[in-house]
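Please look at the sequence and the 3D structure below before reading on. The report then moves from the whole protein to one of its strands.

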Amino acid sequence: MCTFLRWLYAQFCPSEQGGQNTVSFTDDEVKFIEVVRQNLRHWLDLAGAGTIGAPAQGDLKADIMDAMNVADKLYQWYVPPFQVNPTPLTEDELQSVVNDLKSKGGMQTWLRLDGTYYATDLDTINKIIEWDWTDTRKYITDVFDCDKFAMYFKSRMAIDFHINAIGVILDYSAGHAYNLIIIKDSQGVRWYLYEPQNDKMFTYDQRDRQLYAMQSYVLLL
């Protein structure tokens, strides 16, 4: 395997132990990946026609094919096959969610991290959850445990989709951490609980009252 391909695999391909690499790409980087894919296909066509080097040496053609496959994987991993349209929450909508949570008891405090919050509809959230690979990360005690899963999912949602109406619940009464997802669509504004380790989303009443006790918790939003 050529040095270029070794670098690509080291940077972007799954390791034997840990699943996908977790690089997040900017819009410019996504465009670059698309250009790379197009160029690799062009190079492969030239190699097939025997116009690169001595009539398309087998090693060269195989390297190009491998590189193109890597670029295709990158595109599938980092470019979702759907559109996300973030919708801003009004201050009243945000406060209605916070007040609803407070009315159920258990919230010690909530820490506001942003000025304006953006949410999306339930169908899009379900698509994101299906596409996102947070749940495939390896659990490592103290290093990548429940609170890191929750913070990782919140960060990915903001960085990759511009959706920051995602909270982290530090549930001291359950000894667990998980997410709050705020939805805004034609049915109005509402919220769900979300377990980033297994992709389960559920309402407050549907929750496991031991694992998601919510008798004493802090909300990061």
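How much area does the protein expose, and what share of it do carbon and sulfur atoms supply? The protein exposes about 11,900 Å², and carbon and sulfur atoms supply 51% of it, with accessible areas taken from the Shrake-Rupley method with a 1.4 Å probe. This is a predicted model, in which local features need pLDDT of at least 70 and side-chain atom pairs count only at pLDDT 80 or more, while totals for chains, interfaces and linings use all residues. Residues are numbered from 1 along each chain as its sequence is written, and side-chain values use heavy atoms, with hydrogens and water left out.

Of the 221 residues in the protein, 41% are buried (under 20% relative accessible area, with a 1.4 Å probe and protein chains only). The protein has six helices and eight strands, which are DSSP runs (helices H or I, at least four residues; strands E, at least two) numbered from the N terminus. Read from that end, their order is α-α-α-β-α-β-β-α-α-β-β-β-β-β.

Strand 8, residues 217-220, is covered on both faces: Tyr217 and Leu219 are buried on one side, and Val218 and Leu220 are buried on the other. In general, side chains in a regular strand alternate between the two faces of the sheet.

The table lists the strands that pair with strand 8, where pairing requires that DSSP finds at least two bridges between two strands.

| Partner of strand 8 | Bridges and direction | Residues standing opposite |
|---|---|---|
| Strand 2 (residues 107-111) | Four bridges, parallel | Met107 and Tyr217 |
| Strand 4 (residues 166-171) | Four bridges, antiparallel | Ile169 and Leu219 |

Technical notes:
Buried < 20%, exposed > 50% of the residue type's maximum accessible area, 1.4 Å probe, protein only.
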